[in-house]
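Here are some short exercises to help you find your way around a new structure. Have a go at each one before you read its solution.

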Amino acid sequence: MVTEAELYARAREMRRNPTELEKRLWRHLSNTQLGHKFRRQQVVFPYICDFFCPAKGLAIEVDGDTHDPGRDERRDAYLLSQGFLALHFSNYEVFDNIDGVLAVIVEALKTRSDRWSAMPHPNPSPEGEGLGS
């Protein structure tokens, strides 16, 4: 079993050496271009998600030839149990249909509720503080 420290080290290495198709998708996900912040190679122990939007709980996977469908099913079930949704796109889809991939991601972002909207702020400001007059 891999340790959490080993998983974080692996994620760091993967961020340093992304695949060409991960770079291609990242050019569209970075800098909140779709209206939401994404992270690359995000650890959701015991897994690493290629891309992850924490505000929406959305994981995006770019599946190459080496992906194991059984392992993907287990990971997706685990992520779902944590309240996260995983979207999978093949290398071919990212290469040949980036607009279609982005449309699916945008639709998922629209339909998923914000993870923090229902929770009160942990440190509310004192009455009236910060309000403009």
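**Exercise 1: The pocket lining**

Task: Find the element that gives the most to the lining of the largest pocket.

Solution: Start with α1, because that helix contributes four residues, the most of any element. Keep in mind that you're looking at a predicted model. Next, get a feel for the space itself: the volume of this largest pocket is about 500 Å³. Its lining has 23 residues, and those closest to the centre are Met14, Asp50, Glu61, Thr66 and His67. Now trace the elements that supply two or more lining residues: α1 (4-16), α2 (20-29), β2 (47-53), β3 (58-63) and α3 (69-81).

**Exercise 2: The chemistry of the lining**

Task: Sort the lining residues of the largest pocket into nonpolar, polar and charged.

Solution: Go through the lining class by class. You should end up with nine charged residues, eight nonpolar ones and six polar ones.

**Exercise 3: The order of the elements**

Task: Work out how many helices and strands the protein has, and in what order the elements run.

Solution: Count each kind, and you get five helices and four strands. Then walk along from the N terminus and you'll read α-α-β-β-β-α-β-α-α.

**Exercise 4: Inside and outside**

Task: What share of the residues in the protein is buried, and how much accessible surface does the protein have?

Solution: Take burial to mean under 20% relative accessible area. With that cut-off, 32% of the 133 residues are buried. For the outside, the accessible surface is about 8,600 Å², and carbon and sulfur atoms account for 51% of that.

Methods: Residues numbered from 1 in each chain as written. Predicted model: local features only at pLDDT ≥ 70, side-chain atom pairs only at ≥ 80, totals over all residues. Heavy atoms only, no water. 1 Å grid on protein atoms, 1.4 Å probe; cavity = no way out; pocket = protein on both sides within 12 Å on 5 of 7 lines; lining within 4 Å. Points joined across faces, edges and corners; volume = space filled by probe spheres on them. Nonpolar A, V, L, I, M, F, W, Y, C, P; charged D, E, K, R; others polar. Buried < 20%, exposed > 50% of the residue type's maximum accessible area, 1.4 Å probe, protein only. Areas by Shrake-Rupley, 256 points an atom, 1.4 Å probe, with all protein chains shown as cover.
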